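Okay, thanks everyone, I'll keep this short. Have a look at the sequence and the structure on the screen, and then I'll walk you through what I found.

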Amino acid sequence: MSILAKIAEIEQEMARTQRNKATMGHLGLLKARLAKLRRELITPKSGGGGTGEGFDVAKTGDARIGFVGILPTKKRTFANDKT
């Protein structure tokens, strides 16, 4: 089944579904599927990039980081666990 056929089928189901509190969840799922299919129609999935050449990052040296947050809650514990 092609993407256009799936989109048409979902639109038909949305048209015949009554809108009320009980069906809003179902309509939301249909809208999500419709958005996903339309996005896939615009930018199709790629077949995978394959394995290209990567790069290494040197894991030596010193670094400084800062934690921002209200009160000293768990920041010191987190920093002590990571060092």
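Let me start with a question for the room: where does Gly66 lie? Gly66 sits in the loop that runs between H2 and helix H3, and H3 covers residues 75-82. One thing to keep in mind throughout is that this is a predicted model.

While we're on Gly66: with a relative accessible area of 64%, Gly66 is exposed. Its C-alpha atom is separated by 9.6 Å from that of Ala79, and the two residues are 13 apart along the chain.

Okay, stepping back to the overall layout. What we have is three helices and zero strands, so reading along the sequence you just get α-α-α. How much of the chain counts as buried? Of the 83 residues, 10% do.

Now to how H1 and H2 relate. H1 spans 3-16, and H2 takes in residues 24-42. If you search the whole structure for salt bridges, you find one. Which side chains make it? Those of Arg38 and Glu11, at 2.6 Å from N to O. Arg38 is in helix H2 and Glu11 is in helix H1, so this pair ties together parts that are 27 residues apart in sequence. Both partners come out as partly exposed: Arg38 has a relative accessible area of 41%, and Glu11 has 36%.

Glu11 also gives us another distance to look at. From Glu11 to Lys31 it's 8.9 Å, C-alpha to C-alpha, and those two are 20 residues apart in sequence.

There's a further pair with a long stretch of sequence in between, if you look at Leu41 and Ile3. They are 38 residues apart in sequence, and their C-alpha atoms are 7.0 Å apart in space. Leu41 belongs to helix H2, and at 42% relative accessibility Leu41 counts as partly exposed.

Next, the loop between H1 and H2. That's where you find Thr17. Is Thr17 buried or exposed? Thr17 counts as buried, at 17% relative accessibility, because the cut-off for buried is under 20%. What does the side chain of Thr17 have beside it? One of its polar atoms lies 2.6 Å from the backbone oxygen of Glu13.

Last stop, the surface charge. Which residues gather in the patch of positive charge? They are Lys6, Lys36, Arg39 and Lys45. Taking Lys36 out of that group, you can place Lys36 in helix H2, and Lys36 is partly exposed, with a relative accessible area of 47%.

So, to pull it together: we're looking at a predicted model with an α-α-α pattern. The salt bridge found in the whole structure joins Arg38 and Glu11. On the surface there's the positive patch that includes Lys36 and Arg39, and in the loop between H1 and H2 there's Thr17, which is buried. That's what I have, and I'm happy to go back to any of these on the screen.

Technical notes:
Residues are numbered from 1 along each chain as its sequence is written. This is a predicted model: local features need pLDDT of at least 70, side-chain atom pairs count only at pLDDT 80 or more; totals for chains, interfaces and linings use all residues. Side-chain values use heavy atoms; hydrogens and water are left out. Patches are made of residues with over 30% relative accessible area and no salt bridge: like charges are joined within 9 Å, nonpolar side chains (Val, Leu, Ile, Met, Phe, Trp, Tyr) within 5 Å. Accessible areas come from the Shrake-Rupley method with a 1.4 Å probe; for residues, only the protein chains shown count as cover. A salt bridge is a side-chain nitrogen of Lys or Arg within 4 Å of a carboxyl oxygen of Asp or Glu. Lys and Arg count as positive and Asp and Glu as negative; His and the chain ends are not counted. The place of a charge is taken as NZ of Lys, CZ of Arg, CG of Asp or CD of Glu. Helices (H or I, at least four residues) and strands (E, at least two) are DSSP runs, numbered from the N terminus. Buried means under 20% relative accessible area, exposed over 50%, partly exposed in between (1.4 Å probe, protein chains only). A polar contact is a pair of N or O atoms within 3.5 Å; within protein, one must be able to donate a hydrogen and the other to accept it, and residues adjacent in sequence count only if both atoms are side-chain atoms.
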